[in-house]
Amino acid sequence: MTNVGQRPQRRSDALTEAGIVDAAIEILDDGGAGALTFRALAAHLATGAGALYHHVANKGVLLSTAASAAMTEVLAAAGSADPAASIRSVTVGVFDAITARPWLGSQLVAAPWQPAVLQLFDRLGSDVTALGVPEPAQFDAASALVHHVLGVASQYDAGQGLDPAGGGRSGVIASSASPLVRPDGGRYPFLVRIEQQLVDHDDRQQFEAGIEIILTGLGALRRGAATGEDTDRGTGS
């Protein structure tokens with residue numbers, strides 16, 4: 001009697017790009033970008049790796065498409081009829097998504113003009129327009145908001161390389177602030193003065209504070225346009 005090894009069970013339904021992207025996001029959420037390979041994805045979908053290439057050209061395209069799907073989800077859940085409230089909702093929604101999905105932050109900073117970033121830029125630009133920011137300043141205003149979000153994404157991307165046993169990014173800040181600043185306190189007077197805030201600050205609250213600062217500036221631009229005042233870019237109260 002001949003022993004015949006059992007073959008892996010194959011899927012009976014047809015593959016679709018949407019199904020492949022959903023499966024990729026599950027792998028990314030569980031293990032990060034390093035866990036996403038076409039071999040792992042094929043096993044997850046109970047298919048052959050070759051079949052995936054009929055729908056997705058390579059891992060770079062797959063990551064970009066997954067990020068776009070994640071951004072679509074965030075933008076669909078965020079928003080408000082009030083443009084300032086919409087800006088807050090969208091930006092905080094992206095912040096929370098990056099916090100929950102570090103791979104998303106890494107992908108956003110890896111390719112600045114990919115669809116996910118364009119989606120965010122277009123949505124914030126539409127909100128900036130609805131807010132009444134003068135047209136000549138709309139590009140700069142939307143850029144400031146997008147750059148604020150991408151700055152957070154880059155921090156989380158860099159933070160993935162920190163040792164979790166040391167408390168991650170917050171642990172590094174807490175353990176290194178004094179040794180870095182105190183010996184050269186004369187060179188860093190501001191950092192010495194706000195050292196406790198540096199150690200104790202909440203990232204989400206600080207992010208929201210940055211959005212409020214930008215919105216205050218946008219309000220000054222809008223009021224200046226309404227009154228006909230010549231408001232210098234980046235100033236106003």
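Q: Why is alanine 46 called partly exposed in this predicted model?
A: Its relative accessible area is 26%. Buried would need a value under 20%, and exposed one over 50%, so alanine 46, at 26%, is partly exposed.

Q: Where is alanine 46 found, and what makes its phi worth a look?
A: Alanine 46 is in the loop between helix H2 (38-45) and helix H3 (49-52). Its phi is near 55 degrees, a positive value in a residue other than glycine. Most residues other than glycine have a negative phi.

Q: Is aspartate 29 buried, partly exposed or exposed, and how do you know?
A: Aspartate 29 has its place in helix H1 (residues 17-31). Its relative accessible area is 36%. Since the limits are under 20% for buried and over 50% for exposed, aspartate 29 counts as partly exposed.

Q: How do you know which residues aspartate 29 is in contact with, beyond its neighbours within four places in sequence?
A: Contact requires heavy atoms within 4.5 Å, and the partners of aspartate 29 by that test are Arg101 and Trp103. Along with these contacts, the C-alpha atoms of aspartate 29 and proline 102 are separated by 8.4 Å, although these two residues are 73 residues apart along the chain.

Q: What makes the links from aspartate 29 to arginine 101 and tryptophan 103 polar contacts?
A: The side chains of aspartate 29 and arginine 101 are joined at 2.9 Å, and those of aspartate 29 and tryptophan 103 at 2.8 Å. A pair of N or O atoms, one able to donate a hydrogen and the other to accept it, has to lie within 3.5 Å, so both links count as polar contacts.

Q: Why are helices H4 and H7 called roughly parallel or roughly antiparallel?
A: The axes of H4 and H7 (residues 115-131) cross at roughly 25 degrees and come within 7 Å. Angles under 35 degrees count as roughly parallel, and therefore H4 and H7 are roughly parallel to each other. On the H4 side, the residues making the contact include Ser64, Ala67 and Met71, and on the H7 side they include Pro115, Leu120 and Arg123. By class, this contact has six nonpolar, four polar and one charged residues.

Q: How do you know what to call the arrangement of H4 and H6?
A: Helix H4 (residues 59-77) packs against helix H6 (residues 102-110) at an angle of about 115 degrees, their axes 10 Å apart. That makes H4 roughly perpendicular to H6, as the range for this word is 65 to 115 degrees. The crossing of H4 and H6 is left-handed.

Terms used
Residues are numbered from 1 along each chain as its sequence is written. This is a predicted model: local features need pLDDT of at least 70, side-chain atom pairs count only at pLDDT 80 or more; totals for chains, interfaces and linings use all residues. Side-chain values use heavy atoms; hydrogens and water are left out. Axes are lines fitted to C-alpha atoms, for helices over the stretch in contact, and angles run from 0 to 180 degrees between N-to-C directions. Helices (H or I, at least four residues) and strands (E, at least two) are DSSP runs, numbered from the N terminus. Angles under 35 degrees count as roughly parallel, over 145 as roughly antiparallel, 65 to 115 as roughly perpendicular and the rest as oblique. A crossing is left-handed if the near helix is turned anticlockwise from the far one by less than a right angle, and right-handed if clockwise. Ala, Val, Leu, Ile, Met, Phe, Trp, Tyr, Cys and Pro count as nonpolar, Asp, Glu, Lys and Arg as charged, and the others, Gly among them, as polar. Buried means under 20% relative accessible area, exposed over 50%, partly exposed in between (1.4 Å probe, protein chains only).
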